[in-house]
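The report below describes one protein chain for a reader who is meeting it for the first time. Please look at the sequence and the model, and then follow the text from two of its helices to the chain as a whole and on to single residues.

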Amino acid sequence: MTIGVASTHTPLSSQYRRFVFRRQLALGAFAIVAVGCWMLDVSLGPAELDLATILRGLQDRANLSAGEAVILWDIRLPQSLMALLVGAALGLAGAEIQTALHNPLASPFTLGVSAAATFGAGLAIVLGWDFFGLGATYAVTAFAFVTAAIATVLILVMTKRFGGGAHTVVLFGIALLFAFEALVWLLQFIADSDALQQIVFWTMGSLGRVEWQHVAIITVVLLVCITLSARQVWQLTALCNGEEQARSIGVAVERVRVAVLLRISLLTATAIAFVGTIGFVGLVGPHIARLTLGEDHRYFLPGSALAGAIMLSGASTLSKSLVPGITVPIGIVTALVGVPIFMALVLGKRRAA
């Protein structure tokens with residue numbers, strides 16, 4: 001009897017082991033590509049540092065001259081690490097919100113969180129606010145975060161007041177998106193020439209203002225959100241089959257959705273507050289992960305974070321390579337590269353169906 005049961009379950013066990021092994025292999029490949037993109041990003045820049053010099057400098061800063069140490073440790077390393085971390089944050093946020101709303105076109109930008117952060121940053125720039133004497137940079141960051149949080153609270157309050165369906169959340173998010181974009185245009189209309197230039201440059205996205213403390217902050221935020229996401233990985237996987245089926249097996253759908261909205265608000269606001277507006281990563285990264293790893297969120301969530309990291313690190317490399325001697329704003333590169341990738345994914349999926 002025991003032998004018969006074991007022989008019946010063995011093929012399923014083998015299939016499950018192959019399923020797990022293939023996805024772990026794919027995640028490993030994603031991680032290797034991300035490290036490769038990061039190394040390429042570190043190696044590129046106006047000052048020519050060869051790979052041997054970079055590796056020697058990574059081992060010990062004292063192995064470099066003063067100028068090389070500043071270039072590698074104070075400029076390239078924080079910027080390249082920030083590209084990986086912001087890409088991972090946006091990829092993870094996009095994956096969670098697409099699952100929670102059961103909508104593959106959902107992203108932090110669809111819900112207006114990005115537009116809200118842009119408005120907060122623009123307001124701080126136009127009014128010249130200081131943040132308790134800490135400087136304009138922290139004021140822009142703080143107000144971007146505050147307005148993004150306000151947008152999320154508005155969505156939560158309106159959803160609770162008028163009903164918590166996924167379509168309702170998306171419609172409220174789109175309404176907020178247009179409202180905050182109109183407010184940004186108003187700021188641009190009343191701003192003087194210097195403030196207008198800063199707002200426009202900020203909305204293009206840039207890694208040029210990144211410092212080590214920014215890297216530390218987003219690292220902490222990303223680790224906290226990954227930990228919280230991992231605790232809801234089975235509920236999110238169940239949501240892939242629809243709200244009703246998830247409820248039938250005991251998933252508190254509204255509670256999961258509120259938790260996801262809070263996480264994507266924190267991830268998006270923190271990322272955008274330091275580097276400006278960067279689009280398409282939160283939309284395209286999860287699609288790449290879904291096509292490669294499927295809907296099992298044990299692999300889909302880390303895969304989306306890695307795909308986002310690869311996209312933004314690759315975009316950072318391109319931004320330094322497109323025009324010799326000039327770093328193109330990274331938001332422009334992600335939009336130019338993201339559109340054809342997204343169209344290719346959509347058309348490829350339709351042909352496969």
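Helix α13, which covers residues 297–321, has 25 residues and reaches 35 Å from its first C-alpha to its last, close to the 36 Å expected at 1.5 Å a residue, where the expected span is 1.5 Å times one less than the number of residues. Helices here (H or I, at least four residues) and strands (E, at least two) are DSSP runs, numbered from the N terminus. Because 18 of the 25 residues of α13 are buried, this helix is largely enclosed by the rest of the structure; buried means under 20% relative accessible area, exposed means over 50%, and partly exposed lies in between, with a 1.4 Å probe and protein chains only.

This is a predicted model, in which local features need pLDDT of at least 70 and side-chain atom pairs count only at pLDDT 80 or more, while totals for chains, interfaces and linings use all residues. Residues are numbered from 1 along each chain as its sequence is written, and side-chain values use heavy atoms, with hydrogens and water left out.

Helix α11 can be described in the same terms. It runs over residues 253–275, has 23 residues and spans 33 Å between its first and last C-alpha, close to the 33 Å expected at 1.5 Å a residue. Helix α11 is mostly covered, with 18 of its 23 residues buried. Just after α11, G276 takes a positive phi of about 85°. In the loop between α11 and α12 (281–293) lies F280, which has a positive phi of about 75° although it is not a glycine. With a relative accessible area of 26%, F280 is partly exposed.

How many helices and strands does the whole chain have? Its secondary structure comes to 14 helices and zero strands. The radius of gyration, taken over C-alpha atoms, is 22 Å, close to the 20 Å that the globule rule gives for 353 residues, so the chain is as compact as a globular protein of that length; the rule itself is 2.2 Å times the number of residues to the power 0.38. Along its principal axes, the C-alpha trace spans about 75 × 55 × 40 Å.

Of the 353 residues in the chain, 48% are buried. Among contacts (heavy atoms within 4.5 Å) between residues at least 6 apart in sequence, 75% join residues at least 24 apart. The accessible surface, computed by the Shrake-Rupley method with a 1.4 Å probe, comes to about 17100 Å², of which 69% belongs to carbon and sulfur atoms. The chain has 21 positive and 17 negative side chains, and the centres of the two sets lie 15 Å apart. In this count Lys and Arg are positive and Asp and Glu negative, with His and the chain ends not counted, and the place of a charge is NZ of Lys, CZ of Arg, CG of Asp or CD of Glu.

Three residues in helices are paired below with a partner elsewhere in the sequence.

| Residue and partner | Separation along the chain | C-alpha separation |
|---|---|---|
| A115 and E181 | 66 residues | 6.0 Å |
| G57 and L72 | 15 residues | 7.6 Å |
| V146 and A121 | 25 residues | 9.6 Å |

A115 is placed in helix α4 (residues 113–127) and counts as buried at 8% relative accessibility. Leaving aside neighbours within four places in sequence, A115 is in contact with L177, F180, E181 and V184.

G57 belongs to helix α2 (residues 51–59) and is buried, with a relative accessible area of 0%. With neighbours within four places in sequence again left aside, G57 is in contact with L64, L72 and W73.

V146 sits in helix α5 (residues 136–162) and, at 41% relative accessibility, counts as partly exposed.
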